[in-house]
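Open the model in your viewer and keep the sequence beside it. The stops below go from the whole chain to single rings.

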Amino acid sequence: MVAEKPSAARNMASALGGTKGSYKGTPYEVASLRGHLYEFAQPHAMVDASLADAYQKWDLSNLPWNPQDLSWKREPQKNVADVIKALRSALGRGDEIVIATDLDPSGEGDLLFWEAIDELGFHGARFSRMEFTDESKASIQKAFEQRRPVNSMQDEGDYRKAMYRSQWDFLSMQFTRIATAMGRQSGQDLVLRQGRLKSAMVSLVGDQQKAYDAYVRKPFFQNRFRDENDVMYTNPDEPRCDQKGQVSQQYGSSAVVLDSKADKKAAPPKLLDLASLSSMLVGKDVKANLTLSTYQKMYEDQVVSYPRTEDKTITPEQFKDLAPLVDKIAAVVGVDAGLLTHRQPRPTHVKPQGAHGANRPGPKVPSSLDEVERKYGKAGRLIYEMLAKNYLAMLAEDYLYEQQKGHVEKYPDFVGIANVPKIPGWRAVFDPDAGDDTDEGDGNESGKGLGQNAKPFIFEGANKRSEHPTMKWLMKQLEKRDVGTGATRTSTYSEVTNDKAKYPLLTEKGRKLRLAQAGELSWRLLPGTRIGDLGLTEKVYADMRDIAAGTATAQERLAVVADWVREDIATMTKNAASMRAELGLKEQVGAAHAEGVWQAAPGGSKKVAFKRVWSGHMFSDDEVTKLLAGETISFEARSRADKPFTATGALGVGDFKGRKFVGFQLEGLDTPTKWSGRTFTPAEVTELLAGQALEIDDFVSARTGKAFGCKVRWDAKAKKIVPDFGSGDEPPRSWCQVTFTDAQRRDLAAGKTIRGTGFVSAKGKTFDAEVAWKEEGGKKKIVPSFG
């Protein structure tokens, strides 16, 4: 049985009685992937040697790529050699290989299983598929007993559609090359990443930001009435004036006539997905990437449900599973169980369809929110509280209010409405707008209802300003247009707003969202393009359905990408000209690369091409001449953190992910620029020499061969890399291949013992343990306990 990740493997082992054994007469062994073990190689490594140079260069003359040139060769991800070795060994022991990965609507679970089978060469085996909605004991046992026979990889529609989507997204790298080339031709040395969801986010935020920034307030003045209960009475035909003095004051006070009363109900809000949940938490200073990572840990402990679901409802079985836990969950989050009187499934929330079900609390209920915070930090506490209250709201009664309508007796064209709350129902359990100062709420809500008398006044209003883009606003727009799933929207949002990235597309300041520099350039290049079309994802998903059904092939549907690339080159070329005119930029012909004979090249002079822009500095013709002559030059540059520093260096041969290239090389670090088995990228070298500390998680121990992470900095005096594993008073960032959260490190530093899972020993064995930060042998260190 091949599970998707170690946590899923542990749940399966728990359901069946162990990692190895026999369940109802069938001997089994549980093995595990760790997500995707393989990824596509770089384009130039997928083509014939005669084409490699063209596919490696970012020049537009080498686009579009021909999908038929690509071998779709894969290479292992970082730090998965041990996982691959263990999986290969386990697969060799089985008579039947069971696909026990997640059932994703996108087919992702099937893809990561079959790519491992493909690379390891186990196509001749006997296969079956376990189909389960979640990782509960009952679901796993039922899926094990009802395994579906599988003939081959290509017979599986889920694999075919997932492979197509993966190939399409790989080909979309061409759109990044187009946008980046256009930016560089405009003198902007930025990588402008494009993609189905990234480009949609940039287009939406850019358009909304433009509308918000272009707002000009145009006030108007109008006669209205207000009663003693602050209910307003308006006449839509009453003239609006540009100035207050222009309003005729022809009205006097009058009694209010009650025209009607009617009871109305509002049902509980729909269940949350990750995008909605993360949008609400951003308002509480929890970044999207922290929501994702924390939720994943909570899911692995079965405290919350499966994260990457597309479902908006839950099944009757899932409703039934949580029913016995409702009162316990309510007690944890401080909800009065007496409010939860609607214990029957609501047809709006519970439907006999779906897979994993909407996001909700998991089967393991914590003892308190304090326990949740100790284990998962503040973010975990907020996640559980919000998710639980949202779910419990479904079990409360409808919100009931009385709607009163009336008019001003002497001037019946002036009407007012008051919504008087009667029974709070679910609103006493969950407030979806809590802390959201951008939501206007119900302007007609009144605790007292209509008053007895109304007085005229001159109302000052204005044209409505477009809403400032926020994560909540953006996620609503994407959902409305059906672009991506909730989890995919959240993960992509986390990526494009990451302030530690070199070229973020969007920036967050509080709740407000704006285009970053790279995003601004992308937004100006996207109008009219295929990659910027919000309907593109719909097209790809339609293709996926056809490919899964066998009515189309990936080869047929990928063929159109080449035409789209040609179209977008032409469209972005026009947009780039407009962008330069609007921003006052000059076209930099040939600015991307410099060419010439490098006289100091190793082995003798030779013709070379190298990037003309380095860390925000464009080499002048004189500097290019000096570099080709082998001279050392100095200039003012800016680090990734936008700090100025003096760069000194010469033309040299660098190494990036195993690929040699000619380019400007800084002086200062020994060659090669490595530490603990890892070569620093040119950008990282820049940061180190500018005095920045870098946190890197893929160093390799020379003693054990295991990967580890830590902060490193460049000691300018000693001319060496200095690691930071935490001072003698601070716990390390990681131990036995598990990285501690900030909250866990604080607990350890405070002398608390924490529970950890998935540690890996020096011999490669996985174990769980309670760990503490204690003094032993005269120094502090992590001390495990297995009691």
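Start with the whole chain coloured by burial: of its 787 residues, 49% count as buried (under 20% relative accessible area, with exposed over 50% and partly exposed in between, using a 1.4 Å probe and protein chains only). This is a predicted model, in which local features need pLDDT of at least 70 and side-chain atom pairs count only at pLDDT 80 or more, while totals for chains, interfaces and linings use all residues. Residues are numbered from 1 along each chain as its sequence is written, and side-chain values use heavy atoms, with hydrogens and water left out.

Next, switch to the C-alpha trace, which spans about 100 × 75 × 65 Å along its principal axes.

Now show the contacts (heavy atoms within 4.5 Å). Among those between residues at least 6 apart in sequence, 67% join residues at least 24 apart.

Then turn to the aromatic side chains, where the structure holds 24 pairs (rings of Phe, Tyr and Trp, the last by its six-membered ring, with centres within 6.5 Å; planes under 30 degrees apart are stacked, over 60 edge-to-face and the rest tilted). Select Tyr 399 and Tyr 401: their ring centres lie 5.3 Å apart with the planes at 25°, so this pair is stacked. Is Tyr 399 buried or exposed, and what of Tyr 401? Tyr 399 is buried, and Tyr 401 is buried as well.

For the last stop, select Phe 40, Tyr 55, Trp 65, Trp 72 and Phe 170, which ring pairs link into a cluster.
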